[in-house]
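Hi,

Here is the structure I promised to pass on to you. Have a look at it first, and then read on for what I found.

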Amino acid sequence: MHKAGFISILGYPNVGKSTLVNSIIGENLMPVSPKAQTTRQRVLGIYNDENNQIIFSDLPGWLTNPQYELHKAMLHDIESAFEDADILIYMHDLTDKRDNNQLIDIVAKYSQPKIVVLNKADLVDEKTFLIKEKKFKEKFSNVDIIAVSALTGYNIDKLLEIIINLLPEHPPYYDKDILSDRYLRYFASEIIREQIYYLYRDEIPYETEVVINSFKEDQDPVFIEAEIWVMRDSQKNIIIGKKGEMIKQLGTNARLKLEKLLDKHIFLNLFVKVQPNWRNDKNTLKRLGYNI
Ligand SMILES: Nc1nc2c(ncn2[C@@H]2O[C@H](COP(=O)(O)OP(=O)(O)O)[C@@H](O)[C@H]2O)c(=O)[nH]1
Ligand SMILES: [Mg+2]
């Protein structure tokens with residue numbers, strides 16, 4: 001008997017959705033950063049063992065106040081992920097003191113089996129967990145509630161057991177040896193973008209997009225050329241930095257992470273381009289793969 005199914009991980013920004021997918025599939029594939037909105041598009045991360053295939057949708061965080069076409073596309077992805085899921089995971093950050101009820105109420109309305117994952121257990125004590133557990137028990141009836149740490153791996157094996165118990169009987173949907181529905185080329189742009197979140201401040205990461213122009217995998221070193229889009233000339237100067245120091249650092253950081261992922265040497269070439277309206281232009285967003 002083989003089990004397989006689709007799982008959507010829903011939650012506010014920064015609760016650790018992408019970190020959880022990485023932890024379960026065992027690769028640092030999804031971009032992760034301490035800033036909100038690192039994840040912009042729905043991406044599948046696929047877990048396989050002999051008898052099970054779990055297809056996770058890593059999603060953008062829930063946005064209460066969408067301001068740009070980009071944000072609308074992100075919400076669109078979240079909504080479609082409700083419909084296709086066999087199981088819904090509502091993920092909550094145990095250190096978050098705000099009363100985030102809007103998304104909880106939406107998730108609660110859906111009829112699929114649900115799991116509440118209380119993440120970042122490494123940062124709180126038992127008492128905090130018990131208070132939160134009580135709150136979620138009131139919101140959801142008959143739902144497994146589990147504390148995990150996506151970062152340290154605490155209770156991830158238990159979570160997998162819970163998921164597999166709820167998984168429908170089904171043959172695999174994807175080849176059993178692939179990790180995602182996207183190509184490496186896509187993850188290359190995501191890793192460069194992720195490193196921008198770590199390296200630059202203020203609005204820069206949110207107003208930046210990364211486009212791969214060339215990805216030649218059959219060469220040694222692998223050749224990757226990417227364009228970094230920003231919205232203003234001043235941002236172009238910041239990305240490049242004095243004497244090109246910042247973009248050099250960015251290139252090194254992204255290359256090292258990509259080399260780990262591909263297990264190959266990489267030559268990475270970065271360019272910066274001003275694209276004033278990319279975040280609000282539907283045609284551009286469509287070309288970038290956004291669901292709009
Ligand atoms: N201490 C701790 N940090 C975590 C944990 N899970 C995620 N993080 C951190 O929380 C931040 C947001 O994680 P990310 O996966 O990008 O969140 P997402 O926006 O929900 O996808 C990152 O800095 C992660 O390293 C955890 O279990 N414990
Ligand atoms: Mg994410």
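Please keep in mind that this is a predicted model. A good place to begin is the overall layout: the protein is divided into domain 1, covering 3-166, and domain 2, covering 184-287. Their C-alpha centres lie 27 Å apart. Where the two touch, domain 1 supplies 13 residues and domain 2 supplies 14 residues. On the domain 1 side of that contact you will find 6 nonpolar, 4 polar and 3 charged residues.

Next, try tracing the sheet. It is an open sheet of 6 strands in the order 2-3-1-4-5-6, and the pairing is mixed. Strand 2 (43-48) and strand 6 (144-147) are the edge strands, each pairing on one side only. From one strand to the next, the twist averages 25°. As a reminder, strands of a sheet pair through backbone hydrogen bonds, either parallel or antiparallel. Strand 1 (residues 3-10) and strand 3 (residues 52-58) run parallel and are joined by 6 bridges. Within that pair, Ile7 stands opposite Phe56 of strand 3.

Helix 4 (residues 126-139) packs on the sheet, where it touches strand 4 (87-93), strand 5 (114-119) and strand 6. The direction of helix 4 makes about 160° with that of strand 6.

Finally, which residues come nearest to ligand 1? Of the 21 residues around it, they are Gly16, Lys17, Ser18, Thr19 and Leu151. Helix 1 (residues 17-25) gives the most to this shell, with 3 residues. By class, the shell holds 7 nonpolar, 11 polar and 3 charged residues.

Enjoy exploring!

Best wishes

Note on methods. Residues are numbered from 1 along each chain as its sequence is written. Chains are lettered from A and ligands numbered from 1 in the order in which they are written. This is a predicted model: local features need pLDDT of at least 70, side-chain atom pairs count only at pLDDT 80 or more; totals for chains, interfaces and linings use all residues. Two strands pair if DSSP finds at least two bridges between them. Helices (H or I, at least four residues) and strands (E, at least two) are DSSP runs, numbered from the N terminus. Axes are lines fitted to C-alpha atoms, for helices over the stretch in contact, and angles run from 0 to 180 degrees between N-to-C directions. Two residues are in contact if their C-beta atoms, placed from the backbone, lie within 7 Å. A residue is near a molecule or strand if its C-beta atom, placed from the backbone, lies within 6 Å of it. Ala, Val, Leu, Ile, Met, Phe, Trp, Tyr, Cys and Pro count as nonpolar, Asp, Glu, Lys and Arg as charged, and the others, Gly among them, as polar. Domain bounds come from an automatic or database domain assignment.
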